[in-house]
Amino acid sequence: MASIVIRNTGERIEGQENVGEFLTNQGVLYEHWDVTKLPLALQGNCKIGEVEKQQILSVFKEEIESLGERNGYQNWDVVALSEETPNLEELLKKFEQVHVHTEDEVRAITAGHGIFVIKGSEGLGYFDVELEPGDVISVPVDTPHFFTLMEDKQVVAVRLFIDATGWVAHPIQDPQFETSK
Ligand SMILES: [Fe+2]
């Protein structure tokens with residue numbers, strides 16, 4: 001279950017209902033998938049190849065199609081990051097830059113962990129969304145954010161998108177983020 005940390009105050013928000021309410025108020029979609037539907041060998045396993053990625057897409061076919069129908073996402077795939085990923089540390093450094101996209105950024109975590117750092121409404125500043133397996137989040141179009149890993153340094157996530165060009169990250173310099181670190 002996801003939890004939130006408000007960077008300016010250090011306040012932590014926990015519990016499905018509180019987290020859901022906070023994210024809805026920020027325009028961020030938040031849902032939960034049942035990861036126990038995955039075969040045991042895939043639960044918590046981030047060191048996977050193409051065959052396992054296809055397996056994940058078929059296990060969550062219904063959930064994916066439902067999200068797609070509701071929000072216009074037409075394509076999806078699975079990304080896996082772990083100590084087996086070449087140049088993981090360099091990749092993470094590249095990730096950790098505030099940017100925006102021309103479409104929503106949707107991630108359903110099926111194993112491991114991740115954090116979305118997102119710019120909140122006026123006056124709130126940036127907040128961290130710490131994601132666990134089963135958490136599904138959609139960062140709205142044009143919302144400054146970045147995604148990175150947590151202490152376990154591994155994740156498997158389903159990504160949904162409308163068009164691949166919407167994925168291009170447009171970096172922004174935000175003084176408000178620099179003061180919230
Ligand atoms: Fe992004």
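Is Q74 buried or exposed, and how many other C-beta atoms lie within 10 Å of it? I'll come back to that in point 7; here are my notes on this predicted model, going from the whole chain down to single residues.

1. Overall build. The chain contains 5 helices and 12 strands. Along its principal axes, the C-alpha trace spans about 45 × 35 × 30 Å. The radius of gyration is 16 Å, and a compact globule of 181 residues would come out near 16 Å, so the two agree. Buried residues account for 29% of the 181. If you take the contacts with a separation of 6 or more, 75% of them are between residues 24 or more positions apart.

2. The open sheet. Five strands make an open sheet in the order β3-β9-β6-β11-β4, and the pairing is antiparallel. At the edges sit β3 (29–32) and β4 (75–81), each pairing on one side only. From one strand to the next, the twist averages 20 degrees. As a reminder, strands of a sheet pair through backbone hydrogen bonds, parallel or antiparallel.

3. Walking through the pairings. Starting from the β3 edge, β3 and β9 are antiparallel and joined by 4 bridges, with Y30 having I137 as its bridge partner in β9. On to β6: 4 bridges join β6 to β9, again antiparallel, and A108 stands opposite V136 of β9. At the other edge, β4 and β11 share 7 bridges and run antiparallel. There, L81 stands opposite V155 in β11.

4. Strand β9. Worth a look on your screen: 5 of the 5 residues of β9 are buried, so this strand is largely enclosed by the rest of the structure. In a regular strand, side chains alternate between the two faces of the sheet. In β9 itself, D135, I137 and V139 point one way, while V136 and S138 point the other way. Note that D135 and S138 are buried along with the others in this strand.

5. The nonpolar core and the helix over the sheet. The largest nonpolar core has 39 residues, and those with the most contacts inside it are F116, I118, V129, I137, V155, V158 and L160. The biggest contribution comes from strand β11 (residues 155–161), which gives 6 residues. So two names from the pairings turn up again here: I137, the partner of Y30, and V155, opposite L81, are both on that list of core residues. Helix α2 (residues 50–59) lies across β4, β6 (105–112) and β11, and it runs at about 130 degrees to β4.

6. V158 as a way into the core. V158 is in strand β11. Why call V158 buried? Because 23 other C-beta atoms lie within 10 Å of V158, where 20 or more is the cut-off. Leaving aside neighbours within four places in sequence, V158 is in contact with I56, L57, F60, I64, W76, V78, A108 and T110. V106 is 52 residues from V158 in sequence, and the two are 8.0 Å apart, C-alpha to C-alpha.

7. Back to Q74. Q74 is exposed, because 9 other C-beta atoms lie within 10 Å of it, and 12 or fewer counts as exposed. Q74 belongs to the loop between α3 (61–71) and β4. Not counting residues up to four places away in sequence, Q74 touches G68 and I162. The C-alpha atoms of Q74 and F161 are separated by 6.2 Å, although these residues are 87 apart along the chain.

8. Two backbone angles to check. Most residues other than glycine have a negative phi. What is the phi of D142? It is near 65 degrees, a positive value in a residue other than glycine. D142 lies in the loop between β9 (135–139) and β10 (145–148), and counts as exposed because 11 other C-beta atoms lie within 10 Å. K153 also has a positive phi, near 50 degrees, and is not a glycine either. K153 is in the loop between β10 and β11. With 17 C-beta neighbours inside 10 Å, K153 is partly exposed.

Methods: Residues are numbered from 1 along each chain as its sequence is written. This is a predicted model: local features need pLDDT of at least 70, side-chain atom pairs count only at pLDDT 80 or more; totals for chains, interfaces and linings use all residues. A nonpolar core is a set of buried Ala, Val, Leu, Ile, Met, Phe, Trp, Tyr and Cys residues joined through C-beta atoms within 7 Å. Two residues are in contact if their C-beta atoms, placed from the backbone, lie within 7 Å. Two strands pair if DSSP finds at least two bridges between them. Axes are lines fitted to C-alpha atoms, for helices over the stretch in contact, and angles run from 0 to 180 degrees between N-to-C directions. The radius of gyration is taken over C-alpha atoms; the globule rule is 2.2 Å times the number of residues to the power 0.38.
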